[in-house]
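Biologist: Please take one part of this model, the packing of the helices on each other and on the sheet, and go through it closely.

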Amino acid sequence: MDDDLIQQHLQELRRGTVVLASLVSLREPGYGYGLLESLNDAGITVDGNTLYPLLRRLEKQGLLTSEWNTDEARPRKFYRTSTDGDQLAKTLTAAWHDIDAALARFTTGGTR
């Protein structure tokens, strides 16, 4: 099987995972770079060119809030999941568990 094809499908699978993981992780305030590192450390591979536009989009959608921290020499923006973002994270998590259970039935031969 073509490795590029596999990578393309793995990327599609990760897209929604990054949104959910970001919303859950940012229930505690965090910086973009710190989130990037924690996602990658957890095995959710993402690069900055994907994550930073995603953070801006989620903020524009009202799912994240942000503030600038100017206490350090270099100002940094930190993000936090909003009330709407937390509700979406709960909904997505429940859907994730449902999908996981459905896939488990297929892979164990319980559904045909």
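**Helix packing and the sheet**

Modeller: In this predicted model, helix H2 (residues 32-41) and helix H3 (residues 48-60) have axes that come within 10 Å and cross at roughly 125 degrees. H2 is therefore oblique to H3, and the crossing of the two is right-handed. On the H2 side the contact is made by Gly32, Tyr33, Leu35, Leu36 and Leu39, which meet Gly48, Leu51, Tyr52 and Leu55 in H3. By class, the residues of this contact are seven nonpolar, two polar and no charged.

The loop between H2 and H3 contains Thr45. Leaving aside residues up to four places away in sequence, Thr45 touches Arg14 and Asn40. Thr45 and Thr81 are 36 residues apart in sequence, and their C-alpha atoms are 21 Å apart in space.

H3 also has a contact with helix H1. The axes of H1 and H3 come within 11 Å and cross at roughly 65 degrees, which means that H1 is roughly perpendicular to H3. H1 passes H3 in a right-handed crossing. The residues in H1 are Val18, Val19, Ser22 and Leu23, and they meet Leu51, Leu54, Arg57 and Leu58 in H3. This contact of H1 with H3 has six nonpolar residues, one polar and one charged. Leu51 of H3 thus appears in the contact with H2 and again in the contact with H1.

Next comes the other packing of H1. Helix H1 (residues 3-25) packs with H4 at an angle of about 130 degrees, the axes being 9 Å apart. That angle makes H1 oblique to H4. Here H1 passes H4 in a left-handed crossing. Thr17, Val19, Leu20, Leu23 and Val24 are the H1 residues involved, and they meet Gly85, Leu88, Ala89, Leu92, Thr93 and Trp96 in H4. The contact divides into eight nonpolar and three polar residues, with no charged ones. Val19 and Leu23 of H1 are among the residues that meet H4, and both also belong to the contact with H3.

H4 itself (residues 83-107) has 25 residues. From its first C-alpha to its last, H4 reaches 36 Å, close to the 36 Å expected at 1.5 Å a residue. Just after H4, Gly109 takes a positive phi of about 85 degrees.

That leaves the sheet. The sheet is open and has three strands in the order E1-E3-E2, with antiparallel pairing. Strand E1 (30-31) and E2 are the edge strands, each pairing on one side only. H3 packs on this sheet and touches E2 and E3, with a direction that makes about 115 degrees with that of E2.

Within the sheet, strand E2 (residues 64-69) and strand E3 (residues 76-81) pair in the antiparallel sense over six bridges. The two strands form a hairpin, with six residues between them. Asn69 has Arg76 as its bridge partner in E3, and Glu67 stands opposite Phe78 in E3.

Put together, H3 is in contact with H2, with H1 and with strands E2 and E3 of the sheet, while H4 is met by H1.

Notes
Residues are numbered from 1 along each chain as its sequence is written. This is a predicted model: local features need pLDDT of at least 70, side-chain atom pairs count only at pLDDT 80 or more; totals for chains, interfaces and linings use all residues. Side-chain values use heavy atoms; hydrogens and water are left out. Axes are lines fitted to C-alpha atoms, for helices over the stretch in contact, and angles run from 0 to 180 degrees between N-to-C directions. Helices (H or I, at least four residues) and strands (E, at least two) are DSSP runs, numbered from the N terminus. Angles under 35 degrees count as roughly parallel, over 145 as roughly antiparallel, 65 to 115 as roughly perpendicular and the rest as oblique. A crossing is left-handed if the near helix is turned anticlockwise from the far one by less than a right angle, and right-handed if clockwise. Contact means heavy atoms within 4.5 Å. Ala, Val, Leu, Ile, Met, Phe, Trp, Tyr, Cys and Pro count as nonpolar, Asp, Glu, Lys and Arg as charged, and the others, Gly among them, as polar. Two strands pair if DSSP finds at least two bridges between them. The expected span of a helix is 1.5 Å times one less than its number of residues.
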